[in-house]
Amino acid sequence: MMNIWVEYWPNPVQDTNYYAQSKKVTWQPPDPKDIRKRFCQSREDASRFAKSMQEQGYYASIKQDGYGIGGRR
């Protein structure tokens, strides 16, 4: 069985009124206590949810474990 979920957390930088060249952007890993998870029935559902969360100002990442149909055992 394969589980699919979305991990999402707040984007600490909400300022979108600048040019990419004007500020140095560095990746800050999220604090583990800020990461939320939402389990989904399918990859398509996970994709829709992740897109919705990104539009609301969150970072989102789709994760999965296990193997799908026809996978190795």
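Is R48 buried, partly exposed or exposed? R48 is exposed, with a relative accessible area of 53%. Exposed means over 50% relative accessible area, so R48 falls in that class. The model discussed here is predicted.

## Overall layout

The chain holds 1 helix and 3 strands. Along the sequence they follow the pattern β-β-α-β. Helix α1 therefore comes after β2 and before β3, as the pattern β-β-α-β and the numbering from the N terminus show.

The chain has 73 residues, and 18% of them count as buried. It exposes about 6,300 Å². Carbon and sulfur atoms supply 49% of that area. Among contacts with a separation of 6 or more, 85% are between residues 24 or more positions apart.

## The sheet

The 3 strands form an open sheet. Their order is β2-β1-β3, and the pairing is antiparallel. The edge strands are β2 (36-40) and β3 (58-65). Each of these pairs on one side only. From one strand to the next, the twist averages 25°.

Helix α1 covers residues 43-55 and packs on the sheet. It touches β1, β2 and β3. The direction of α1 makes about 165° with that of β3.

## Strand β1 and its partners

Strand β1 spans residues 3-10. It is mostly covered: 6 of its 8 residues are buried. In the sheet order β2-β1-β3, β1 stands between the other two strands.

On the β2 side, 5 bridges join the antiparallel strands β1 and β2. Two residue pairs can be named here. Y8 stands opposite R36 in β2. I4 has C40 of β2 as its bridge partner. On the β3 side, 8 bridges join β1 to β3, and these strands also run antiparallel. There, P10 stands opposite Y58 in β3.

## C40: a residue to look up

Where does C40 lie? C40 is in strand β2. Its relative accessible area is 16%. Buried means under 20%, so C40 counts as buried.

Which residues does C40 touch, leaving aside its neighbours within four places in sequence? The contacts are I4, W5, V6, D45 and A46. I4 is also the bridge partner of C40. I4, W5 and V6 fall within the range of β1, residues 3-10. D45 and A46 fall within the range of α1, residues 43-55. C40 thus contacts residues from both β1 and α1.

Q64 gives a further distance to check. C40 and Q64 are 24 residues apart along the chain. Their C-alpha atoms are separated by 10.0 Å.

## Salt bridges

How many salt bridges does the model contain? The count comes to 3.

One joins D45 and R48, with N to O at 2.3 Å. Both residues lie in helix α1. They are 3 residues apart, about one turn of the helix. D45 counts as partly exposed, at 29% relative accessibility. R48, at 53%, is exposed. D45 is also one of the contacts of C40.

The other salt bridges share partners and join D31, K33 and D34 into one network. D31 pairs with K33, and their closest N and O atoms are 3.8 Å apart. The cut-off is 4 Å, so the D31 and K33 pair counts as a salt bridge. K33 also meets D34, at 3.6 Å from N to O.

How does exposure vary across the network? K33 counts as exposed, at 60% relative accessibility. D31 counts as partly exposed, at 36%. D34 counts as partly exposed, at 30%.

Technical notes
Residues numbered from 1 in each chain as written. Predicted model: local features only at pLDDT ≥ 70, side-chain atom pairs only at ≥ 80, totals over all residues. Heavy atoms only, no water. Helix = DSSP H or I, 4+ residues; strand = E, 2+ residues; numbered from the N terminus. Buried < 20%, exposed > 50% of the residue type's maximum accessible area, 1.4 Å probe, protein only. Contact = heavy atoms within 4.5 Å. Areas by Shrake-Rupley, 256 points an atom, 1.4 Å probe, with all protein chains shown as cover. Pairing = 2+ DSSP bridges. Axes fitted to C-alpha atoms, helices over the stretch in contact; angles between N-to-C directions. Salt bridge = Lys/Arg side-chain N within 4 Å of Asp/Glu carboxyl O.
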